[in-house]
Amino acid sequence: MNEEKILIVRCGEVALKGMNKPYFERMLAERIKKRLEKAGYASASVTRHEGLFFVRFDPSLDQMAVAREISKVFGVASISPAVEAESDMDSIGEEAVKFMLRLIEEKGVKTFKVEAKRADKQFPIQSPDIARQIGAKILIGCKVLKVDVHDPDVRIFVDVRHDQSYIYTDKIQGFGGLPLGTNGKGLVLLSGGIDSPVAAWMMAKRGMMLEAVHFHSYPYTSPRAQEKVEELAGIVASYCGSFRMHVINLLPIQEQIVRNCPEAETTIHVRRFMMKIAERIAKDCGAMMLITGENLGQVASQTAEALVVTDESVSLPVMRPLIAMDKVDIIEKAQEIGTFETSIEPYEDCCTVFLPKHPTTKPKLERIKASESVLDIDALVEAAVASQEIIQIRG
């Protein structure tokens, strides 16, 4: 038996990619390798075989710690710490007994069930018989165990393949999705709220590389508010790798809007400027679309009418992955990925500055364009972009 520790890594949607499957598998293998290198496991090897990935590493390393790192790689459906055996019944049985003895010692297992899969159809014994025979070997080698086919303490899986067979019990769930870098680049409008970090994470899960733009209104918003956004960006980057965040002071534009446009329209005008600035940055950095955390009907600027007026301000497509989600579902996802506690820290953002008492919820495009015609839109956008600060967010 190979003395290295081994993890079996399964891909989810990648397996359905048809003629493009080798490309997606290659990208996924590269992402797993990069994740392990960054975590200090550079010596680990990643190989592909018959639709599975096998990660092998030094036996001194913590198998579960390595598995947890891999579970954060988009495209990974599940991971199983496994042991390897030659594909004959005696070798499989011997390794299965050793495997169970460890489980008895570590977890106090008393009952078990064996489930077998014969991936190698040339193997002379069929799956049900493999399970029965390996179960019998375990009973002989582990006298304290009993078989329970209905509610066992542990299920032992035996995967018989042409060259080697694998024995495992746990399946650590990954996030699924697609490997990062397989779906271009998007620019996310990142605030300090709950929604936009989740939106960024969800688009990265679909294989999209990210850059971000953050708007503040200093001195009405504090430096700590921006630090909060940088912390959120860092959490997102822990999944999708390092990216740049473009920081824009929106206050000069907000002041012009407040002085020259109807109060009720302030929010929608500000939103249109944010989109125009984001589009300019996106084109400069090679992003093909904008990403927002907007959710239909959540606030005045996110009604159907307001979103239509907002989208008219740009030519790039706007992705809104949270558009039809309930707020409670967004919160649950934020808690799952680790952004929630930071998002709810009570620091202001630019959207709360000059907030009208009664914002329009059903803006008319013609009226909005007439109101903003008194502003030098191009000059304001150019000045905002020219004054940007670029921060490198480390993943």
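Me: Over the ring of which residue does the charged end of Lys171 sit?
Reply: This is a predicted model, where local features need pLDDT of at least 70, side-chain atom pairs count only at pLDDT 80 or more, and totals for chains, interfaces and linings use all residues. Residues are numbered from 1 along each chain as its sequence is written, and side-chain values use heavy atoms, without hydrogens and water. A charge sits over a ring if NZ of Lys or CZ of Arg is within 6 Å of the ring centre and within 35 degrees of the ring normal. The charged end of Lys171 lies 5.9 Å from the ring centre of Phe157.

Me: Over which ring does the charged end of Lys72 sit?
Reply: The distance to the ring centre is 5.9 Å. The ring belongs to an aromatic cluster with Phe74, Phe175 and Trp201. It is that of Tyr239.

Me: How many aromatic pairs are there?
Reply: Rings of Phe, Tyr and Trp (its six-membered ring) pair if their centres lie within 6.5 Å; planes under 30 degrees apart are stacked, over 60 edge-to-face, the rest tilted. By this rule the count is nine.

Me: Why is the pair of Phe175 and Trp201 stacked or edge-to-face?
Reply: The ring centres are 5.0 Å apart. The planes stand at 80 degrees, so the pair is edge-to-face.

Me: How many residues apart in sequence are the parts that Phe175 and Trp201 tie together?
Reply: Helices (H or I, at least four residues) and strands (E, at least two) are DSSP runs, numbered from the N terminus. Phe175 is in the loop between strand S9 (172-173) and strand S10 (185-189). Trp201 is in helix H5 (residues 195-205), so the pair ties together parts whose separation in residues is 26.

Me: Is Trp201 buried or exposed?
Reply: Buried means under 20% relative accessible area, exposed over 50%, partly exposed in between (1.4 Å probe, protein chains only). Trp201 has 1%, so it is buried.

Me: Which residue follows Tyr218 across a cis peptide bond?
Reply: Omega is about 10 degrees at this bond. The residue lies in the loop between strand S11 (209-216) and helix H6 (223-240). It is Pro219.

Me: Which residue has a positive phi although it is not a glycine?
Reply: Its phi is about 50 degrees. It lies in the loop between strand S2 (45-49) and strand S3 (52-57). With a relative accessible area of 47%, it is partly exposed. The residue is Glu50.

Me: How many residues has the largest nonpolar core?
Reply: A nonpolar core is a set of buried Ala, Val, Leu, Ile, Met, Phe, Trp, Tyr and Cys residues joined through side-chain atoms within 4.5 Å. Those with the most contacts inside it include Leu210, Phe243 and Ile393. Elements that each supply at least two residues include H5, S11, H6 and strand S12 (243-249). The core has 32 residues.

Me: How many residues has the other core?
Reply: It lies apart from the largest one. Among its residues are Cys261, Met275, Ala282 and Val381. The number is 30.

Me: What radius of gyration does the protein have?
Reply: The radius is taken over C-alpha atoms; the globule rule is 2.2 Å times the number of residues to the power 0.38. A compact globule of 395 residues would be near 21 Å. The C-alpha atoms fill a box of roughly 85 × 35 × 35 Å along the principal axes. The protein has 27 Å.

Me: What distance separates the C-alpha atoms of Ala370 and Asp90?
Reply: Ala370 is in helix H12 (residues 365-372). The two residues are 280 apart along the chain. Their C-alpha separation is 82 Å.
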